[in-house]
Amino acid sequence: MRSRASGSGLRSATAALSVPLMTLTLLSVTFQSVAAQQKKASSAATSPAAPAAKASDDFSTVETRVLRFLEEHQRELATILRPLKESNITEYRRAIGDLDRVSQRLAETRQRDLARYEWELKRWQTQSRIDLLAARWQMTGSEELKDQLREALDERYTINQKLQRLERDRLSE
């Protein structure tokens, strides 16, 4: 367990504000990774894709769509995202864009293959939970968070195995 040096109130306030930003940065990298995996999987599919978000969608429309998606599928991430809007609008807009791409890819997967969609959604939820737990664990060194992180990693492994089996079955048809 890490020991914390005592510091001024300003230092602890700054650290508290940097946790959501660091978490969102970690999640952004994860979203890009998951998005790349989903893009690879979707390019292998032969059925037509769902229409992507229109370039003409204004930011408030995209933001509303993303927040609705998060409220339904990852509320914890939604609660972290909201304060970012006030503290760093540039990062907030980037995170909203990344999350919109993820939600659109998941919607496309849902139209093509409902079973795969359910597992892809579970994988994204698990990965974002892993990133949140990892960021919190890095800040606190808590054994409880470490155990939760191990469980989430095991869950991700199981989900990835299931997705590989689905893909293998699809290719053997």
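These legends walk you through close-up views of salt bridges in a predicted model. Across the whole structure, a search turns up 14 salt bridges.

**View 1. A salt bridge between E63 and K85.** Look for the place where the side chains of E63 and K85 meet, with N and O 3.0 Å apart. E63 belongs to helix α2 (residues 59–73) and K85 to helix α3 (residues 75–87), so this pair ties together parts that are 22 residues apart in sequence. Are the two partners buried or exposed? E63 is buried, at 11% relative accessible area. That value falls under 20%, the limit for calling a residue buried. K85, on the other hand, is partly exposed, with a relative accessible area of 35%.

**View 2. A salt bridge between E71 and R75.** Here the side chains of E71 and R75 come together, with 3.7 Å from N to O. E71 counts as partly exposed, having 29% relative accessibility. Its partner R75 is exposed, with a relative accessible area of 57%.

**View 3. R170, E167 and their network.** In this view, R170 pairs with E167 in a salt bridge whose closest N and O atoms are 2.7 Å apart. How many residues separate the two in helix α6? They sit 3 residues apart in that helix (residues 143–172), which means about one helical turn lies between them. R170 is partly exposed, at 29% relative accessibility. This pair also has company: through salt bridges with shared partners, R116, E120, R123, E167 and R170 join into one network.

Conventions: Residues are numbered from 1 along each chain as its sequence is written. This is a predicted model: local features need pLDDT of at least 70, side-chain atom pairs count only at pLDDT 80 or more; totals for chains, interfaces and linings use all residues. Side-chain values use heavy atoms; hydrogens and water are left out. A salt bridge is a side-chain nitrogen of Lys or Arg within 4 Å of a carboxyl oxygen of Asp or Glu. Helices (H or I, at least four residues) and strands (E, at least two) are DSSP runs, numbered from the N terminus. Buried means under 20% relative accessible area, exposed over 50%, partly exposed in between (1.4 Å probe, protein chains only).
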